[in-house]
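Dear colleague,

Please find below the structure that I am handing over to you. A summary of the findings follows it.

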Amino acid sequence: MGFLAPYVLVLAIFVVVPVIIGFGIGLRPQIYRELLADPVFATAAKNTFIYVIVSVNATMVIALILSGFFSLQKRWIGLLLVLFILPWAAPSIPTILSFRVMLNAETGVINQQLFQLFGIMEGPAWLTNANLAFVMAIIVHIWKSLPFWTLTLLTGRLAISGDLYEAASVDGASIWQKFRYITWPSLAKLYMTSTILSAIWTLGDFNSIYLLTGGGPADQTQVLATLGVKYVSNSRLDLGIASILIALPIILPLVVVMMRRLSGGREE
Amino acid sequence: MRNIILGVTAAALLGSTSIASAETLTIWWSKGFYAGEDVAFKNVVERFKKENGVDVDLSLYQASDMNVKSTAAVEAGTVPDIAYGDQLGVKLIGKWAYDDKLEDLSDVIEPIEGEFAPEALSAAKLFDEKSGERSYYAFPLGSQTLATMVWTDLLTDAGVSTDDIPQQWEAYWSFWCDKVQPALRAKGKRIYAVGMPYGIGSSDATNVFMAFADAYNVRLVDENGKPRFDAPDLRESLTKALASYTGLYQRGCTPPSSVNWQDPDNNQYMHSRQTVMTFNYSISIPGKWLDDSTNPNLSKDDQAKALDNYQNKLVTLPPPHDAADQPLKTRATYLPGVIFKDSKNKELAKKFLTFLLKDENLNPYIDATKGRLFPSKKTDIDSAFWQSDKHLKAYHGIYMVGTEPWDYTRNYKLSALNNEGVWAKAAGKILTQNYAPDQAADELIADMKRLVQ
Amino acid sequence: MRKYWRNSGLAAIAIVIILWTLFPIYHLVVLSLSPQEDMLAGHIWPQNPTLRNFGIVFRQQHNFLAHFWRDIGNSLIVAVTVSILTLVIATLTAFATSRLRVKGSRLLMGLALGTYLIPAAFLAIPMYRAMSIYGLLNTRSALILAMTALASPYAIWILKQASDRLPRELDEAAVVDGASIWQVFRLIYLPLMRAPMVAIGIYALLLAWNEYLYAFLLNSDDAAQPLSVGLGLFLGADDSPWNLLMTSGLIYAIPPIVIYYTFRKNMVSGITAGAVKS
C-alpha cells in the first residue's frame, strides 16, 4: 500500500480537491443564467463544436493517408518521417506565434509577398475575417497534431502482417482493394479510438486559438477552453468554471467510452 | 521511499515559497517598460531598506498579470502590503474601496495634500460603502492621457503638413482618410493613414473610444455619478460615436488587422511606419525612439536614426476638436496604488509610502518612465524636465488645457464597462457582424444596464 | 512508365509534406535573424540578416529579457523536477498495481485514466483556484506539482502496461528465495523497466518544459516564472520587440527538439503505444 501513497496523495490534493472545489463554485444556478446571457458563450459553444468535428476528422483522415505513405519501405521516406515529426516535438508558443506573424494582414510574409509580387494592396484577411481566422486556427491545430496521429496509425499499419499484402498482390488486388479488405479491417478499431481521444484533446486545445487569434476578431473565434481562461482573467472565476462544467455532458460520455476501450483490454 | 518523495516535495516547496516575516515589507509593483523604471524604483526600495533596517520583498508583475493576481489575493486574503499596477486603478481599485478592502491613507496623504495636482487627489479619493464616505483609499502616483502621434515625413510625402490638419472632428478624420491616404497610395505606398485599435481586451481601444464618445458629447453619468442610460440623448450620441469610430475601419484608413489589435499593435504599426498617425495614451511611442537613441545594443547608425525619428520626424499633437468644433478635454487616467485592510505590515507600508511620495524619491522614478507616466506632484509637473523637448512639452500642454476624470471615479460600478471592454464589443458587432451603429448602441446600452446595476 | 508516375507522385507528396512541416519553422528562423524593421517587411529571406538578436537575448539586453537565463533555469528546474517526481510516482504505482495487485488498484487506475482523459485546459481553472487556496500560486512548486499531477496518469498507465508484460515467475522466484518486496522492486523490477522509464521521464520533461497555459495561470512571479511565461509577456506589453520574442522562442524550442530526436526511438514506441494498444 505504501507504494501507492505518493500517487494517491498527488491525485487527492491536485486533482480530486480541485475538481470538488470546481463543482462547489460551479453549482450555483445563477451563474449559468449569466453565462447563457453572454452572447460570446453561444459563439464559443458553436465554435467548439465545429472546431472539434472539423479538425479531428480532417486530422485523422490525413493521418490515415499519410501513414500509408510513410509505411512504404524506402530509406528516404524514413528520413522524411524524422522531419515530419518536428511540429509535434517543438513547443507551441514559438511555432504558433510564427503562424500569427506570417498571417498578419499587413505585415505578414504572405500578404507582403502578394503586394510585392502582384501589387495586391489588400490580401486575404487571414486573421481578421472571423471565418477565415477560425479556419486558420483549425489549420494550425492540424499542423501541430498531425504527426502524433500519423505515427500512431503508422504503428498500427506496421503491425499488419506483410504476408497478407503479398498474397493479395499475387491475386492481383488493387491498392484500393488492399486497403478495403486488409488495412481498414485491422486499423478500424485503432482509428476509432484515436478519433475519440483526439476529440477529447481538441476540446481542451487552448494554445491554437489563444496564441493565433486571441479569440478575435471581436470574440468571434473563442472556444470554451479560451473563453474560460478569459473569464478568469476578467476576475470571473465562477463563470470560467461554469463554462467548463457546462461542457461535461459532452465530454464525460467520450471519457467513459475511452476508459472502457483502454482499460478493458485485458478482460476481453 | 515515501519519505524521499515527501522530502523532495517539501524541499521544492520550501525552496520557492518565501515566508514573509513581520519585518519584511511585501510590495507588488508594475513592471516598467524601460529598464530604467525598474532600476529607479528599486533604488527607492534600497534606500528605504537601508534607512530603516527592514527587509523588502519586491515582486514586479506585468500590468495585466497584476489584475489577475491581486484579484486572487484579495479573494484569498493573501494580499501584499502595498500594490501598484498600471491597470488596477481603471479596473479594480474603485470596487475594492467600495467593498471596504482598502486601508484609509488619509494620515499619509493629508499632510502633503498641497503638493499634488487636484485631479490626482480627487482620483485617489474613493467611496467606501461601509463608512458611507469618500476618503483617500489610494495614493496618487502618475497619470496618462490621450495624445496624437504623427510621422511628419510621411505627411510631407503626401504633400501636406501638420498645419493643414483641420481641427473639427469629422473634418479631421476626413483629412486623414480622404486626403493623406489616397495621396500615399497614389505613390504606390502600402501605408494606412490611421492606426485605430478595436481589439476586445485592449485598454487602448477603451481609451481611444472614450475620445470618440467625448467628441459627440456622450454622457453616461450625471455629476453625481448616477447612470443616465435611459436619457434620450444617450442613444443618439452613442450611435454617432460608434459610427465615427468604426467608420475609420470601414473606410479602409486603418489597417484591416486593427480589429484584432491589442495594446502593443498601434505602437508597432507606428514604429514600422505602416500608419501615419495614431491616438495613444502617454507618449510611449516617441519614448521608444528616445530609448533606442541611447540603446547600447544598437549600431551607431541605428541610434542616429532613432534620434532623428524622435527629434525630426515624429511629432506629438493634442487631439482634435470635438464634433461641435470645441476643444476636446481628454480623459486622464490616474494610476493609483493601495494598501489593503488585510495587509500584514500596514504601519511599515505607510512609512514606505511617506518615503516614496517625497519629491526626491518619487520624481526621479516618474521621470524614468520617459513620459509613460505624467506626474501627480506639482514640483515635477512644473519642472524643467517637462519643458526639455518638444514631445514632453506638447504632452504637458495637453494636461495644461485641462483634463476630465473618467466616469468610474464618480461611480466605481462603471469600471465594469472597461473591464468587459463593452466599447470594443459594440464596435466589433458593427465590424464583424454587420450591425448598424444604432443597433449596436442599443445592445451596448443594454450591456451597460446589465453590468452597472 | 508506371513506376515513373508512381515515383513522381511520391515526390510530389514529399514536397508538400516538407513545405507544410518546415515553412512555419523556417519562418521562425527568418524572424529571429531579422532586425526589427525587416521583420515586418515580409521578406522570404531578410535583407540584412543578423545574429544581433541572439546577442541581445544571450546578454539579456532588453528589459523583457532581463531574466532570460533565470527563466531558462526555472524552466529547467520545473521540467527536471516534474520528470523525476513523475518517474518515482509512476514506477511505484505501476509496480503496486501490476506486480503486487494491491487492493484498490483498479479504482486507482480508473481515476488515473480519467485524469488523463479530461482535457488539461478544463482542469486548469479549478487547479488555479486550489493552488491559490494552498498558498502556492506564483511559486515554482505550484507548476511542478500541477504538471506532476498531469503527467503521472499517462506515465502510470504506460509503465503498468510494460510491467504487465514482464513474466510473473521472476518476482515469484525471488520471493521464494527470501527477497523482500522492496528488494524485488529495486533489484529485479527497476532494471527490467529501464526502457519504458526513459520514455516516460522524457515525456514528463517535455510536457513540463513546453507547457504554457498552466505556467501562465499558476506562475507569473518575476523570480519563479519559466521561460514560456517570460515569452508571454511580449504578447500583452504596450510596446514589444517581436523579433526578440521570436529569437528567444527559437532558443526555447531547441532543447525539447534535441532531446526528442536523441531519444526518438524510445519516444515513438513508448508514447504511441498508449493509443495503439486497443
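**Findings by chain and interface**

In chain C, 55% of the 278 residues are buried. Please bear in mind throughout that this is a predicted model.

The secondary structure of chain C comprises 14 helices and zero strands; read from the N terminus, its elements run α-α-α-α-α-α-α-α-α-α-α-α-α-α. Taken along the principal axes, the C-alpha atoms of chain C fill a box of roughly 75 × 70 × 30 Å. As to how the chain C contacts are distributed in sequence, 78% of those between residues at least 6 apart join residues at least 24 apart.

Chain C also meets chain A: 69 residues of chain C are in contact with 68 residues of chain A. On the chain A side of this interface, helix 1 (residues 5–26) gives the most, with 12 residues. By class, that side of chain A has 47 nonpolar, 19 polar and two charged residues.

Turning to chain B, the model shows 20 helices and 12 strands. The C-alpha trace of chain B spans about 70 × 60 × 60 Å along its principal axes. A compact globule of 453 residues would have a radius of gyration near 22 Å, and the 23 Å of chain B therefore agrees with that expectation. Buried residues account for 52% of the 453 residues in chain B. Among chain B contacts with a separation of 6 or more, 75% are between residues 24 or more positions apart.

With kind regards

Conventions. Residues numbered from 1 in each chain as written. Chains lettered and ligands numbered in written order. Predicted model: local features only at pLDDT ≥ 70, side-chain atom pairs only at ≥ 80, totals over all residues. Helix = DSSP H or I, 4+ residues; strand = E, 2+ residues; numbered from the N terminus. Buried ≥ 20, exposed ≤ 12 C-beta atoms within 10 Å, placed from the backbone. Contact = placed C-beta atoms within 7 Å. Nonpolar A, V, L, I, M, F, W, Y, C, P; charged D, E, K, R; others polar. Rg over C-alpha atoms; globule rule 2.2 N^0.38 Å.
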